[in-house]
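Please open the structure in your viewer and keep the sequence panel beside it. We will go from stop to stop, selecting a few residues at a time.

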Amino acid sequence: HNDSTILEMATKGHDLFMAEIAPNDSHRKNILDMRHNQVGIGLAVVGRRFTYCEEYVDKYMAIYGPADKSVALGTRVLFTGRVLSPNQYGMYMAAITFDAVLVLPPDPKAQPHLYADRGSANAVSLPPWEFAHEGNSYDLESGAFTIAFTARQPGYYYVIFYLRENPSTIPYGHPDNISSADGFPGGAQVIRVH
């Protein structure tokens, strides 16, 4: 294969994604999502096989901690990081949901479908006016943040950091009516608590 053949095959691959028709147009919708601000293109040629992929990413935050993604029950977990463009986007909300550990049935081999899934539950919802309380901080100018919570039950905690355009419209100083629908997910972390 020469470079022009590989370019032709990559172009055909992309054109196939873009030619999708609703309701089976998930690749096309993903490519056109206006929130994507990074893209990765991958291709491989092995013998006569050609593989092509596109990865679109919404990178609005850098999340540095916690370094340990598996912590003991009762641990105070600190999430640290920063919003990458704090003049354009502001931290709007941190929402934490919780999934309990699956409970095995008495005889897993005889009852493989009887795992007790306790479901998801909201653990913490941190609105913007609480970013400066109880170990939390958010610097409007630099976008640096520390968000803390204490894990009270064993299981998995899903932390989603919501951002919002135009930080001057975010009610940092006083309670207001907010919804995650008024922002967009800027970053996320999963923590296992044992």
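Start by selecting Asn166, which sits in the loop between strand 10 (155–165) and strand 11. This is a predicted model, so treat each stop as a look at a prediction. Asn166 has a positive phi of about 60°, although it is not a glycine. Most residues other than glycine have a negative phi. Is Asn166 buried, partly exposed or exposed? Asn166 is partly exposed, because its relative accessible area is 41%, and partly exposed covers values between 20% and 50%.

**The whole chain**

Now zoom out and colour the chain by secondary structure. You should find two helices and eleven strands. Following the sequence, the order is α-α-β-β-β-β-β-β-β-β-β-β-β. Of the 194 residues in the protein chain, 34% are buried. The accessible surface is about 12100 Å², and carbon and sulfur atoms hold 54% of that surface. Among contacts with a separation of 6 or more, 67% are between residues 24 or more positions apart.

**The two helices**

Select residues 3–18 for helix 1 and 26–32 for helix 2. How many salt bridges does a search of the whole structure find? The search finds two.

- Show the side chains of Lys12 and Glu8, which form a salt bridge with 3.8 Å from N to O. Both residues belong to helix 1 and are four residues apart, about one turn of the helix. Glu8 counts as partly exposed because its relative accessible area is 48%.
- Next, show Lys29 and Asp25, another salt bridge, where the closest N and O atoms are 3.7 Å apart. Is Lys29 buried or exposed? Lys29 is exposed, because its relative accessibility is 53% and exposed means over 50%. Asp25, at 6% relative accessibility, counts as buried, because buried means under 20%.

**Two cis prolines**

Stay by the helices and select Pro23, in the loop between helix 1 and helix 2. The peptide bond that runs from Ala22 to Pro23 is cis, and its omega is near 5°. Most peptide bonds are trans. Then move to Pro66, in the loop between strand 3 and strand 4 (70–71). Gly65 and Pro66 are also joined by a cis peptide bond, with omega about 15°.

**Aromatic rings**

Display the side chains of Phe, Tyr and Trp. Throughout the structure, a search finds 13 aromatic pairs. One of them is Tyr60 with Tyr89, an edge-to-face pair with 5.0 Å from centre to centre and 75° between the planes. Which parts of the chain does this pair link? Tyr60 is in the loop between strand 2 (49–57) and strand 3 (61–65), while Tyr89 is in strand 6 (residues 89–100), so the pair joins distant parts of the chain, 29 residues apart. Tyr60 and Tyr89 are both buried.

Then select Phe79, Phe98, Phe145, Phe149, Tyr157 and Phe161 together. Ring pairs link these residues into a cluster.

**The nonpolar core**

Keep Phe79, Tyr157 and Phe161 highlighted, and add Met61, Met91, Ile147 and Leu163. In the largest nonpolar core, which has 34 residues, these seven touch the most other members. Strand 5 (76–83), strand 6, strand 9 (144–150), strand 10 and strand 11 are the elements that give two or more residues to this core. Strand 6 provides the largest share, nine residues.

Pick Leu163 and show what surrounds it. Beyond its neighbours within four places in sequence, Leu163 contacts residues including Tyr60, Met61, Tyr89, Met91 and Phe184. You have already met the Tyr60 and Tyr89 ring pair. Apart from the largest core lies another core, of five residues, among them Ala10, Phe17, Ile31 and Tyr56.

**A last stop on the surface**

Finish by switching on the surface and selecting Tyr156, Tyr158 and Val190. Together they form a nonpolar patch on the surface, with about 240 Å² of accessible area. Val190 is in strand 11 (residues 184–193). Val190 is partly exposed, because its relative accessible area is 42%.

Note on methods:
Residues are numbered from 1 along each chain as its sequence is written. This is a predicted model: local features need pLDDT of at least 70, side-chain atom pairs count only at pLDDT 80 or more; totals for chains, interfaces and linings use all residues. Side-chain values use heavy atoms; hydrogens and water are left out. Patches are made of residues with over 30% relative accessible area and no salt bridge: like charges are joined within 9 Å, nonpolar side chains (Val, Leu, Ile, Met, Phe, Trp, Tyr) within 5 Å. Accessible areas come from the Shrake-Rupley method with a 1.4 Å probe; for residues, only the protein chains shown count as cover. A salt bridge is a side-chain nitrogen of Lys or Arg within 4 Å of a carboxyl oxygen of Asp or Glu. Buried means under 20% relative accessible area, exposed over 50%, partly exposed in between (1.4 Å probe, protein chains only). Rings of Phe, Tyr and Trp (its six-membered ring) pair if their centres lie within 6.5 Å; planes under 30 degrees apart count as stacked, over 60 as edge-to-face and the rest as tilted. A nonpolar core is a set of buried Ala, Val, Leu, Ile, Met, Phe, Trp, Tyr and Cys residues joined through side-chain atoms within 4.5 Å. Contact means heavy atoms within 4.5 Å.
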